[in-house]
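Subject: Structure for your review

Dear colleague,

I am handing over the structure we spoke about, and my notes on it follow directly below. Please read them with the coordinates open beside you.

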Amino acid sequence: MSTEDDSFSLSADTLAALQSFLDEKEAMDTSFERLKEKAEQDFDDKQLEVTMDMFQEDWQLSQFWYDDATANFLADTALRHTEESDYVAFISAPTAYVALRRKDAARPRAYVFEIDQRFSVFKDQFVLYDYNKPFDFTGAESLKGRFKFIYTDPPFLNRDCLGKMIETMKFLAAPDCKVMIVTGAVMQRQASEDIGARATGFAPTHRGGLSNEFLCYTTFEDDHLKWI
């Protein structure tokens with residue numbers, strides 16, 4: 001029988017798994033620091049080669065990255081519906097934003113609104129954003145009513161979070177703005193009532209897989225995206 005004086009020990013398998021995790025985290029941290037150093041130099045942002053592998057998910061921020069197929073589909077949708085000079089917003093959706101930049105880095109008015117300051121590597125195209133303060137972000141008045149395409153992925157599945165993010169979307173939207181939201185199926189009624197977004201047949205998927213059912217809601221249709 002063990003006593004309080006017995007030392008606590010981990011199994012060999014557990015130690016190996018822990019070491020693998022620490023090695024992976026160290027490699028990711030090193031990669032991100034290199035990216036940060038490059039961003040801080042006087043390079044044109046278009047030279048930044050960014051992948052989501054450089055950013056570890058932070059579960060405390062409810063971060064769950066899309067898989068490549070989903071991120072590329074979302075980025076392609078934004079590109080289909082906008083011109084290079086148009087304002088495009090990705091709110092709490094860095095995976096889709098990074099996918100868009102990899103496809104077309106020359107978009108001077110494509111912004112990522114995000115609470116995670118690691119994404120400040122995108123300099124002027126990064127907007128520090130907390131959904132609890134829907135209109136309180138740098139440059140709010142200059143960005144008001146300018147955006148032709150807004151995509152958002154609320155970090156939490158509740159009415160308060162989606163409602164405040166919809167307030168931000170309405171604040172940013174130009175009169176002919178197209179809106180796209182990925183959130184849980186349980187939020188379907190609110191997405192429809194609050195901003196007129198309807199569920200589509202596109203089923204977004206995440207790298208690690210999530211148990212909740214997610215849907216893609218839009219205020220528009222096209223050849224690749226149909227309402228259901």
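As you go through this, please keep in mind that the model is predicted.

I start with the sheet, where 5 bridges join E5 to strand E7 (residues 214-218), and these two strands run antiparallel. Within that pairing, Ile181 has Tyr217 of E7 standing opposite. On the parallel side, strand E4 (residues 147-152) is joined by 5 bridges to strand E5 (residues 173-184), and there Phe147 stands opposite Ala173 in E5. To get from E4 to E5 the chain passes through helix H5 (residues 159-172), and the resulting β-α-β crossover is right-handed. E4 also pairs with strand E1 (residues 87-91), again in parallel and again through 5 bridges, with Val88 placed opposite Phe149 in E4.

Taken as a whole, the sheet is open and has 7 strands in the order E3-E2-E1-E4-E5-E7-E6, with mixed pairing. Because E3 and strand E6 (198-199) stand at the edges with a single partner strand each, one side of each is left without a neighbour in the sheet.

For the wider setting, the protein has 6 helices and 7 strands, and along the sequence these follow the pattern α-α-β-α-β-β-α-β-α-β-α-β-β. Of its 228 residues, 44% count as buried, while the surface that the protein exposes comes to about 12400 Å², of which carbon and sulfur atoms supply 48%. Among the contacts with a separation of 6 or more, 68% are between residues 24 or more positions apart.

The aromatic side chains deserve a separate paragraph. A pair of aromatic rings is described by the distance of the centres and the angle of the planes. By the pairing rule applied here, the count comes to 16 aromatic pairs. The rings of Phe113 and Tyr129 have centres 6.2 Å apart and planes at 80 degrees, and therefore, with angles over 60 counting as edge-to-face, this pair is edge-to-face. This pair links distant parts of the chain, since Phe113 lies in strand E2 (residues 110-114) and Tyr129 in the loop between strand E3 (126-128) and helix H4 (140-143), 16 residues apart. Both Phe113 and Tyr129 are buried.

Phe113 forms a further edge-to-face pair with Phe137, at 5.4 Å centre to centre and with 85 degrees between the planes. Here too distant parts of the chain are linked, with Phe113 in strand E2 and Phe137 in the loop between E3 and H4, 24 residues apart. Given that buried means under 20% relative accessible area, Phe113 at 0% therefore counts as buried, and so does Phe137 with 7%. Ring pairs also join Phe113 to a cluster whose members are Tyr87, Tyr111, Phe113, Tyr129, Phe135, Phe137, Phe147 and Phe171. Phe147, one of this cluster, is the residue that stands opposite Ala173 in E5.

What, finally, joins the side chains of Asp116 and Arg118? The two are joined by a polar contact of 2.6 Å. Asp116 has its place in the loop between E2 and E3, and with a relative accessible area of 7% Asp116 is buried.

With best regards

Terms used:
Residues numbered from 1 in each chain as written. Predicted model: local features only at pLDDT ≥ 70, side-chain atom pairs only at ≥ 80, totals over all residues. Heavy atoms only, no water. Pairing = 2+ DSSP bridges. Helix = DSSP H or I, 4+ residues; strand = E, 2+ residues; numbered from the N terminus. Right-handed = clockwise from strand over helix to strand, strands pointing away. Phe/Tyr/Trp six-rings, centres within 6.5 Å; stacked < 30°, edge-to-face > 60°. Buried < 20%, exposed > 50% of the residue type's maximum accessible area, 1.4 Å probe, protein only. Polar contact = N/O pair within 3.5 Å; in protein donor to acceptor, adjacent residues only side chain to side chain. Contact = heavy atoms within 4.5 Å. Areas by Shrake-Rupley, 256 points an atom, 1.4 Å probe, with all protein chains shown as cover.
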